[in-house]
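Colleague: Please take a close look at one part of this model, the way its strands are paired, and then set that part in its wider surroundings. I would like one connected account rather than a list.

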There are 2 protein chains.
Amino acid sequence: MPTISDVAKLAKVSVATVSRFLNDSGYVGKKSREAIKKAIQELDYVPSEVARSLSTKQSDIIGLIIPDIKNPFFPELARAVEDTAFEYGYTVILCNSDENELKEKHYFQTLTNKYVAGIILTSIFDQGTNFKKLKIPMVALDRPLEINIPTVTTNNIEGAKLATQFLIDKGATSLLCVGGPKEIRSSKLRVEGFQEIIKEYPIDSHIIESPYDFETAETIIFDYLKHNPTIDGIFACSDASAIGALKAIHKLNLSVPEDIQIVGFDGIQMGKVVSPSLTTVAQNIYQLGQAAAKMLIHQIEGKPLENTSVCINPKLIERETTRKERT
Amino acid sequence: MPTISDVAKLAKVSVATVSRFLNDSGYVGKKSREAIKKAIQELDYVPSEVARSLSTKQSDIIGLIIPDIKNPFFPELARAVEDTAFEYGYTVILCNSDENELKEKHYFQTLTNKYVAGIILTSIFDQGTNFKKLKIPMVALDRPLEINIPTVTTNNIEGAKLATQFLIDKGATSLLCVGGPKEIRSSKLRVEGFQEIIKEYPIDSHIIESPYDFETAETIIFDYLKHNPTIDGIFACSDASAIGALKAIHKLNLSVPEDIQIVGFDGIQMGKVVSPSLTTVAQNIYQLGQAAAKMLIHQIEGKPLENTSVCINPKLIERETTRKERT
DNA sequence: ATGAAATATGTAACCGATACCATATTGTGT
DNA sequence: ACACAATATGGTATCGGTTACATATTTCAT
């Protein structure tokens, strides 16, 4: 691999001049410019990122910390982040935190030690104190944090309202809201949205909590429905629990949407594929990731942020777990 | 951030001694050892990976090049790789190649420029010449390459045989094999396995090709089935196309498994969730990723590889797209 | 013509490690 | 006690860039 001094030698200039040329900093004469261009071409020279990082204390790596790439929500997000990073010449390190605070801290340590340019974080912990110390550009994704860093989220309240209103419009009269783990703020907001609509109607409503995975959700919902047979509409705060609900209802020998209607939240691929296919409040996951990556890169490159936080409106996708007509 | 020389100063030794201590190379006296330990503790010192990389021309980063993390097969794989990397103190850069040769090359360039310790590659291209030049530790994952590098794959032929035999045992008499894109070697092998079983039976068989995504698969299979109504068993070389098949059959107003039985290949999550749930040849995806990562790290750390290639046997999971009893 | 400003370029310190080489000290066999 | 090996440690070049500073040349207004 050729180095900057190889280029300098071939172009008969100093390394400083080559460096100035590469970074477009300071003056470089026309002749030198040409000579350097030729030398770079000839040697097939690419500057060493590592050396550059050591010198500038900044690499072209972005850290992406998410709970678990296996969770169907995150692949698309990761893809969006990687695509955007790629477009701007950055590279992505993938970190699965498992929502484990220690692991998350460890990643912070590792990433800063690599002089990453920035971090995109989907976390339930309020790492406030940690961040401040680091002062690396950062964007919170999907789940708003307490501390004041730029954030990209879906409009959770609005989405929940959409879903709840839709269920009511389709004739549901006794609603169950399946919330996610209470540590997750976005889930809390979705429950809030649900409540806001509910309080405007003289309607029977229930709220339960369940983790975001189908198996557990299925069990919990199964039990709850068994003891509450009046329920005829479910708003699940995640598609995963919606799918769990679907299975639970099947097991109870009830049918969807005739006996119980379901609206999920997230818009993961799987929702298309289950049957009946899932009516859901779809987040624009790709857009979320893209927005976060762009915001981060803007920060990194010192461009002013027009918005310190972005809130993307979700869209209700009507599929088969809700009725076609108002009953 | 404290540096090695801060530690040296505090411990009243030279940086060389600290370095020797850190890397356990060369002699370090007992007194120095203690002093250094204390200094490190006190300063909360962590060696700079970047500086180390520059010096040794090797980082603790592993590059993972896959076609697309959105493809449901890869999240679990990526997770396995990341987990294993984490366990051994490595970090993973995620690269989505989109099976685009240029993009893949670009990633190779970027990764080597970062002095990555090794690369795990799922590619259809035979980058032989590129690799040789780089001579970075490398492992081919899932899709065997022509060139001779360590490889981790599922036993595709065996899996296909399992599936085909199973369909025949369950009474299918006219089989359709839905292969993947012909550039993908694993898909070719699955078709081969299919053929090997078929030729032992006096059975009607068809082979078609379809990309690995449901929408397209659905269309292609729909058309094919319409013109070939005798078909009563489908072996799809991917779960994605199996799910496509499922939908196509529904559209034709036929039922699964009564009219047509289906066996997929891959064992992705989604297969559990569709209804009827998918009988499939499940790859042990996590194990694949883990094995690949371990092999790579062994190479990196100069440990001898006991096997230059690992072939993991898949397992047939019987669910609802095949009949319970032989007809 | 002249001095200030703008342009052009080179030297060398620095980023934070590693590792080669030289030197000093200790241990061991005879 | 002496030679020689083993142990312990430090100095410093090096990895491949960036950048502050010094110096040289050109441009240009007055």
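Modeller: Two strands are said to pair if DSSP finds at least two bridges between them, and this cut-off matters for what follows. The model is a predicted one, and within it strand 4 (residues 138-141) of chain A pairs with strand 5 (residues 151-154) of chain A in the parallel sense over two bridges, so the pair satisfies the requirement of at least two. One residue opposition can be named here, since A:Ala140 stands opposite A:Thr151 in strand 5 of chain A. Strand 3 (residues 118-121) of chain A is likewise a partner of strand 4 of chain A, in the parallel sense and over three bridges, and A:Ile119 has A:Met138 of strand 4 as its bridge partner. Strand 4 of chain A is therefore paired with strand 3 of chain A and with strand 5 of chain A, each time by the criterion of at least two bridges.

The side chains of strand 4 of chain A complete that picture. A:Met138 and A:Ala140 point one way from the strand, while A:Val139 and A:Leu141 point the other way, and all of them are buried. Thus A:Met138, the bridge partner of A:Ile119, and A:Ala140, which stands opposite A:Thr151, point one way from strand 4 of chain A.

Seen at the level of the chain, these strands belong to a fold with 13 helices and 12 strands in chain A. Of the 327 residues of chain A, 50% count as buried, and among its contacts with a separation of 6 or more, 69% come from residues 24 or more positions apart. The C-alpha trace of chain A spans about 85 × 40 × 35 Å along its principal axes, and its radius of gyration is 25 Å, where a compact globule of 327 residues would have one near 20 Å. One pair of residues gives a sense of the distances involved, for A:Glu87 and A:Phe166 are 79 residues apart in sequence and 39 Å apart in space, C-alpha to C-alpha. A:Glu87 is placed in helix 5 of chain A and counts as exposed, with 12 C-beta neighbours inside 10 Å.

Strand pairing is found between the chains as well. Strand 2 of chain A and strand 2 (residues 91-96) of chain B run antiparallel and are joined by three bridges, with A:Ile93 having B:Ile93 as its bridge partner. Around this pairing, 30 residues of chain A are in contact with 29 residues of chain B. On the side of chain A that touches chain B, two or more residues come from each of helix 4, helix 5 (74-87), strand 2 (91-96), helix 6 (101-113) and helix 12 (270-273) of chain A, and the residues of that side divide into 15 nonpolar, eight polar and seven charged. Chain A can be laid on chain B with an RMSD of 0.1 Å by a turn of 180° and a shift of 0.0 Å along the axis, which is the relation of a two-fold axis. The copies meet through the same surface, because 97% of the interface residues of chain A are also interface residues in chain B.

Just after strand 2 of chain A there is a backbone detail worth checking. A:Asp98, in the loop between strand 2 and helix 6 of chain A, has a phi near 55°, a positive value in a residue other than glycine. With 12 other C-beta atoms within 10 Å, A:Asp98 is exposed. B:Asp266 lies in strand 9 (residues 261-266) of chain B and has a positive phi of about 140° although it is not a glycine, but B:Asp266 is buried, with 27 other C-beta atoms within 10 Å. Most residues other than glycine have a negative phi, and most peptide bonds are trans. A cis bond does join A:Val256 and A:Pro257, with omega about 5°, and A:Pro257 sits in the loop between helix 11 (239-251) and strand 9 (261-266) of chain A.

The DNA strands, finally, are approached by helices. For DNA strand D, which is surrounded by 32 residues, the closest are A:Ile4, A:Ser19, A:Ala51, B:Ala16 and B:Gly29, and helix 2 of chain A gives the most to that surface, with six residues.

Technical notes. Residues are numbered from 1 along each chain as its sequence is written. Chains are lettered from A and ligands numbered from 1 in the order in which they are written. This is a predicted model: local features need pLDDT of at least 70, side-chain atom pairs count only at pLDDT 80 or more; totals for chains, interfaces and linings use all residues. Copies are superposed by least squares on the C-alpha atoms of residues with pLDDT of at least 70 in both. Two residues are in contact if their C-beta atoms, placed from the backbone, lie within 7 Å. Helices (H or I, at least four residues) and strands (E, at least two) are DSSP runs, numbered from the N terminus. Ala, Val, Leu, Ile, Met, Phe, Trp, Tyr, Cys and Pro count as nonpolar, Asp, Glu, Lys and Arg as charged, and the others, Gly among them, as polar. A residue is buried if 20 or more other C-beta atoms lie within 10 Å of its own, exposed if 12 or fewer, and partly exposed in between; C-beta atoms are placed from the backbone. A residue is near a molecule or strand if its C-beta atom, placed from the backbone, lies within 6 Å of it. The radius of gyration is taken over C-alpha atoms; the globule rule is 2.2 Å times the number of residues to the power 0.38.
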